[in-house]
Amino acid sequence: MMNRFVIFCAGLCLTAPALSQASTEMINDENTALAETFVDEIALGGAKPPVTCDGLQLDDTQKAALKQAKWEYKKQKNTTDAAVKNAWMDYSHTLKSMTSTKDDGMTAAVGVKDAMTAAGMAKADFELKVFYDILRPEQREPALKCVMKMMKQRMMEKLKRMCSKLPPESKP
């Protein structure tokens with residue numbers, strides 16, 4: 001078990017330079033993380049942003065709107081996450097039941113789909129609000145570049161932390 005972990009971490013350490021050149025295509029959760037990172041670190045001053053963030057020039061109204069949008073999203077996320085978890089529990093319970101029918105299973109599966117769709121739409125609404133309702137058109141591209149750079153920095157820091165935990169004989 002430990003050998004697999006060591007090999008995995010060593011592989012990550014070796015691929016870190018390649019990952020630093022990664023494409024800007026992101027999956028849904030990472031896009032939401034981008035928007036949240038932007039709100040936390042740029043708009044609310046949670047960290048020192050990279051030099052590429054200097055040109056954003058957010059006004060106080062935008063900063064307040066970003067803070068409000070994140071609060072609303074986090075509150076909604078609590079609800080949608082619970083709905084997804086409960087839907088999966090219902091689905092699992094239905095499958096395990098000796099008395100359930102295929103129709104019962106299908107109904108439970110549709111419940112999972114609906115809950116996951118609602119969660120995805122909440123994420124999309126937050127992202128769209130940040131990048132289209134709050135930022136001005138000329139701020140979108142610089143904001144995205146800034147956040148991508150911050151995410152890249154975070155990824156590299158995480159890889160370094162993981163690699164630092166490897167035993168000395170397994171480090172590349």
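A salt bridge is taken here as a side-chain nitrogen of Lys or Arg lying within 4 Å of a carboxyl oxygen of Asp or Glu. With that criterion in mind, select D59, R136 and E138, which are linked in a network of salt bridges. The structure on the screen is a predicted model, and a search through the whole of it finds six salt bridges.

**From helix α3 to helix α4**

Next, select E72 and K129, and display their side chains as sticks. These two residues form a salt bridge in which the closest N and O atoms are 3.2 Å apart. Because E72 belongs to helix α3 and K129 to helix α4, the pair ties together parts of the chain that are 57 residues apart in sequence. If you colour by accessibility, E72 appears as partly exposed, at 33% relative accessibility, and K129 is likewise partly exposed, with a relative accessible area of 31%.

Keep both helices in view and add Y73 and F126. Which kind of aromatic pair do Y73 and F126 form? The count of aromatic pairs comes to two, and the pair of Y73 and F126 is stacked, with 4.7 Å from centre to centre and 15° between the planes. This pair also links distant parts of the chain, since Y73 sits in helix α3 (residues 60-96) and F126 in helix α4 (residues 102-134), 53 residues apart. Are these two rings buried or exposed? Y73 has 4% relative accessibility and therefore counts as buried, the limit being under 20%, and F126, at 3% relative accessibility, counts as buried too.

**Along helix α3**

The other aromatic pair to select is W88 with Y91, whose ring centres are 5.9 Å apart and whose planes stand at 85°, so that the pair is edge-to-face. Both residues lie in helix α3, three residues apart, which is about one turn of the helix. W88 counts as partly exposed, at 42% relative accessibility, and Y91 is partly exposed with a relative accessible area of 25%.

Staying on the helix, select K77 and D81, whose side chains meet in a salt bridge at 2.6 Å, N to O. K77 and D81 are both in helix α3 and four residues apart, again about one turn of the helix. An α-helix has 3.6 residues a turn, so residues three or four places apart point the same way. At 23% relative accessibility, K77 counts as partly exposed, while D81 is partly exposed with a relative accessible area of 35%.

**Helix α5**

Finally, select residues 137-164, which make up helix α5. This helix has 28 residues and reaches 42 Å from its first C-alpha to its last, close to the 40 Å expected at 1.5 Å a residue. Which residues of α5 are buried? They are Q139, A143, C146, V147, M148, M150, L159 and C163, and it is worth giving them a colour of their own before moving on.

For the last stop, select K145 and E141, whose side chains meet in a salt bridge at 3.1 Å, N to O. Being four residues apart in helix α5, K145 and E141 are separated by about one helical turn. K145 is exposed, and E141 is exposed as well.

Methods
Residues numbered from 1 in each chain as written. Predicted model: local features only at pLDDT ≥ 70, side-chain atom pairs only at ≥ 80, totals over all residues. Heavy atoms only, no water. Helix = DSSP H or I, 4+ residues; strand = E, 2+ residues; numbered from the N terminus. Expected span 1.5 Å × (residues − 1). Buried < 20%, exposed > 50% of the residue type's maximum accessible area, 1.4 Å probe, protein only. Phe/Tyr/Trp six-rings, centres within 6.5 Å; stacked < 30°, edge-to-face > 60°.
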